[in-house]
Structure formats: structure tokens, C-alpha cells
Amino acid sequence: MGKLMLMLIRFPLWCACLAFMLAYFPPAAAEPIGPDFTSVSEAVLPTTVHIRVERGPLISAGIQQMARDYALPVPKNGSQTHRQSTGSGVIFDERGLVLTNHHVINGAQEIRLTLYDQTNFEAELLGSDPRTDVAVLRIKGKGPFKAAPIGDSAGLRVGQWVIAVGHPFDFPFTVTAGIVSALGRRSLGKNEIQDYIQTDVAVNPGSSGGPLFSTDGLVVGINTAIFSPDKENLANAGISFAIPSRMALRIAQDLVETGAVAYAGIGVSTQDEAATSSDPRPGAKITQIQAGSPAEVAGLRRGDVIISVDGEPTPNSRAFESLILAQAVGAKLSIKHKRGAKNRMIQVKTVDASSIGSSSQKPVLGARTWRGMQIVDAHPKNLTQRGIALPKNTSTGVLVTAVEPHSPADLAGLLPGDVLLQVKKTTLRGVDDLLSTVENDHVVMISFWRGQTRYLAAVANRDQPG
């Protein structure tokens, strides 16, 4: 009993001591777990927009991209159903200029934007580029508008934190974060010109065209694609891709200033060169050099094997071509190549690809016109003059010799020098095959050859309703 009384007396004394210690020595504040994105999110959200697009029953271009990114069914010929889709964008100029993806607004009859403060505006399309999947809109409203500063994506490093703002599955103004997983991703099969930033940021359908920010609040990319094992029900799988801000801004400036995009070139045609036991490095073997081109001036020769550009390996022809196309016109490149048993390094300055061999790009005698492009049979003479080599086991097709600006062919992304190989399941032997096959179609899906790669284009074969 005595021990029990002593414990009862000491217990209040212990509580008093504990209270005294807590009053004069409060516990240290808990350290936050992980980075805090609240400040940067508050700063960047007002620069982003929610895009709603209404399309008519006809599709003019990019149909394969939209079907993949939004899981949209392809409408049957004659369908009068109007379709709606959503996407994302970022204001990059206080005049109300918005960066987004080409496939977000492609074929739009009406574009409406919702800003973070819930104000709504109509928007007009200033220009778009299907080869890089970049588009520029202008808000139809009185500015100035809050614009996001554009950062230099060249400074990105693998492992760096980045933040995306988008509207996944139509949940507006959603912020997600992750890290840069890889840089310079190419040959993904989505767009012809690729230099993607790979991240593990959660990006889902509806987020296409939205900005990728650094933790400093600078736009470093435009989210454009995701990888998903389930091709029918697209959803985030921890792998997303963004167009670098350096490329997106360059394309946007061309579209705003001139309405057209200049693509870089050095004037060579290449094919894959496999690695061997004596030299394990694969590359892109030069098969033809155009007279007077930067490649010829720099001393490159037919048979040289290009193994890297600015230190980035070029394991095949497609990687080399995509890397060149991703450059700005006027860029100075260090090209490492093999000639025999020796490795050489040269400097080459890119030029506007359309200016190389421009005399050979003029329409040839007897060319016919379809949907804004002039076309001829792909005879060997016509192909040789342009340095075009068809894929193996292919000897026929339709050569595009000229494309009228803003025509259905131009909007579909077709260029002079493309060779149309197949329409639906019909292999094209010439122009007559093409014109007879597409006569009754509203939208024509064409498989065509450019460089060393097959691509798809969707060409509107009827005028869009007004």
C-alpha cells in the first residue's frame, strides 16, 4: 500500500514536468516528404488552357494520330455525326497565342478555350505542322493574357523534376509531377520529326498539347504522346513523351511569322548500314549527295557511313534523318563518319531543305493534279533525278512533284518527293490507279514513302462543310 501511495504522488509530478518541457521545448516541425510543388503550380496554372474542339463528319488530316491518342472510331463515309474532343494548351504570348498539338485541333470546325479563371473564348488556328505535331492558336479576346515563360529544353537533365498541366479524361486543370526519364527519344512511329523528352509524369488522353514545366515555372516541353500497353483503352503507364520547348517554339515562330515551317537539310540520302564483327558500330550509309548541297561542300561522299551527329549516335537511316530534321535551319553540326577504315569529323551547316535541288522539284511535264498536289507516275527517271530510292520489292507508285499551300494534300502533311504507294489495300501502279480508286471516298488513307520510312496520311477528298 505504501508503494502504491508513493506512485500516485509521483505521477502528478511527472505530468507537471512533462507539461513544462513541452511548453518551453516544443517538438521540431516535421520535415516535408518529397518536393513541394505548390508555389510553382499556383504560378503556372493561370497560363494554361482547356481546349474543346468540334469536328464535322469529314476528316482532313492526321486521322491516325487522333484515333490513337483519343481512341476515336473512324466515321463511315457519309456520316453526318459531329464529334467533340478535348485537349490542352499553354499561353506563350500575352497577345493570346497558345501552343498545343496539331492532332488536338486537326480538322476542327470550332475551337473554344477555357482559362483557369473559367472565362471562355473562341480561338482561331494560326497554323499547324503535322510533321512535328505543333499548332498555334490565337484567343479571340482582349488581352493581355498571362503567358508562361519558355525555357530552354537543351538544359534538361535525366532525373530532373518536371510538372505537367492538362485535362486528363476531361478533369480540368490537373497538375501531375515526375522526372525526366530520358532525352532524345526517336523512331517511336508517331510523328516524322522526333526528339522527344521521356518522362514518368502521369499524362492521359485530354492532356495532349499541355505544357511540361520545370520547377522554376518555365515551359520545357509540350506533352504529345503516351505509351500504353492497352491500345484500345489508352491510359497512363508511366511513360509519356513531350516535344522539347526549343523545337516547339521554333516551329511556332515560323507558323506565326510566315505561316509555313522551314525544315533543315544537308542534301543526302541514306540507307541502314549494319554493324559487322570488324566494326560493331551501325550507321547511316550515304547513297546519294545532291550537287551543291552542304554535304557536298563539307566533303561528304557517297559510301560514307555516318555514325554520329553532335555526339549522338545514328544507328540507322531513320535516326539520322530524324535528327537532322529536328535541327534549326542554319545549325552547325559536327558529323562523325567512317570512310573505309578511318573515322573522320566534319562540320556541316544545315539549310532549308526545300532549297536543296529546288530546280529538280519543279512539276514535270504531264503532271496531273489531285487535292492540291501535282503527281506523276513514279518512273525510275523521275525518282533518280530526285535521289529517291523505293523500298525493297517495290517498283511502282505515284510521285508527288508539287503541293499547293493550304490544300488538302498540304494539310495532310504531304510534300514534294513523297511517293504514294498504297490506297486502302490497293497497291498503286500509277496515277490512273490512284484517281480511279479514290473517286467515291470522302477521306482517303494513303501509305507513302519518304526517305527510308513508310508513313500514313489522311487526305480529305471532299470539301469541308462551311
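## A loop after strand E7

Asp170 is found in the loop that links E7 to strand E8 (174-185). This is a predicted model, and Asp170 is a friendly place to begin reading it. The backbone of Asp170 has a phi near 70°, which is a positive value in a residue other than glycine. Is Asp170 buried, exposed or partly exposed? Its relative accessibility is 32%, so Asp170 counts as partly exposed.

Gln118 offers another positive phi in a residue other than glycine, here near 75°. Look for Gln118 in the loop between strand E4 (108-115) and strand E5 (120-129). A further backbone detail lies in the loop between E6 and E7, where Pro144 is placed. The peptide bond leading from Gly143 to Pro144 is cis, and its omega is near 0°.

## The barrel

Strand E7 also belongs to a closed barrel of 6 strands, whose order is E7-E8-E9-E12-E11-E10, with antiparallel pairing. On average, neighbouring strands of this sheet are turned by 45° against each other, direction ignored. To see how the two ends of that order meet, turn to E7 (residues 161-166) and E10 (residues 211-214), which pair in the antiparallel sense over 3 bridges. Within this pairing, Val162 has Ser214 in E10 as its bridge partner.

What lies across strands E11 and E12? Helix H5 (residues 245-257) does, crossing strand E11 (219-226) and strand E12 (240-244) and running at about 50° to E12.

## Two nonpolar cores

In soluble globular proteins, nonpolar side chains tend to be buried together. Here the largest nonpolar core has 31 residues, and the members that touch the most others are Val90, Leu99, Phe213, Ile222 and Ile243. Several elements each supply at least two residues of this core: H2, strand E2 (83-93), strand E3 (97-100), strand E6 (134-139), E7, E11, E12 and H5. Which of them gives the most? That is H5, with 5 residues.

Leu99 makes a good landmark for exploring this core. Leaving aside neighbours within four places in sequence, Leu99 is in contact with a list of residues including Val90, Phe92, Val134, Val136, Ile222, Ala248 and Ala252. A second core, separate from this one, has 21 residues, among them Leu420, Val438, Ile446 and Val459.

## Another set of paired strands

Farther along the chain, strand E14 (residues 268-273) pairs with strand E15 (residues 283-289) in the antiparallel sense, over 6 bridges. Gln271 has Lys285 in E15 as its bridge partner. E15 also runs antiparallel to strand E16 (residues 305-309), and 2 bridges join them. Lys285 takes part here as well, standing opposite Val305 in E16.

## Residues that meet across the chain

Ile356 sits in the loop between strand E20 (351-352) and strand E21 (368-370). With a relative accessibility of 9%, against a limit of 20% for being buried, Ile356 counts as buried. Which residues does Ile356 contact, leaving aside its neighbours within four places in sequence? They are Gly265, Ile266, Gly267, Gln290, Ser293, Pro294 and Val351. For Ile266, the separation from Ile356 is 90 residues in sequence but 8.0 Å in space, taken C-alpha to C-alpha.

Pro35 also lies in a loop, this time between helix H1 (2-24) and helix H2 (38-44). At 41% relative accessibility, Pro35 counts as partly exposed. Along the chain Pro35 is 126 residues from Trp161, yet their C-alpha atoms are separated by 8.9 Å.

## Aromatic rings

How many aromatic pairs does the structure hold? There are 5. One of them joins Phe448 and Tyr455 in a tilted arrangement, at 5.8 Å centre to centre and with 35° between the planes. Phe448 and Tyr455 are both buried.

A ring can also have a charge above it. The charged end of Arg131 sits over the ring of Tyr263, at 4.1 Å from the ring centre.

Technical notes. Residues are numbered from 1 along each chain as its sequence is written. This is a predicted model: local features need pLDDT of at least 70, side-chain atom pairs count only at pLDDT 80 or more; totals for chains, interfaces and linings use all residues. Side-chain values use heavy atoms; hydrogens and water are left out. Rings of Phe, Tyr and Trp (its six-membered ring) pair if their centres lie within 6.5 Å; planes under 30 degrees apart count as stacked, over 60 as edge-to-face and the rest as tilted. Buried means under 20% relative accessible area, exposed over 50%, partly exposed in between (1.4 Å probe, protein chains only). A charge sits over a ring if NZ of Lys or CZ of Arg is within 6 Å of the ring centre and within 35 degrees of the ring normal. Helices (H or I, at least four residues) and strands (E, at least two) are DSSP runs, numbered from the N terminus. Two strands pair if DSSP finds at least two bridges between them. Axes are lines fitted to C-alpha atoms, for helices over the stretch in contact, and angles run from 0 to 180 degrees between N-to-C directions. Contact means heavy atoms within 4.5 Å. A nonpolar core is a set of buried Ala, Val, Leu, Ile, Met, Phe, Trp, Tyr and Cys residues joined through side-chain atoms within 4.5 Å.
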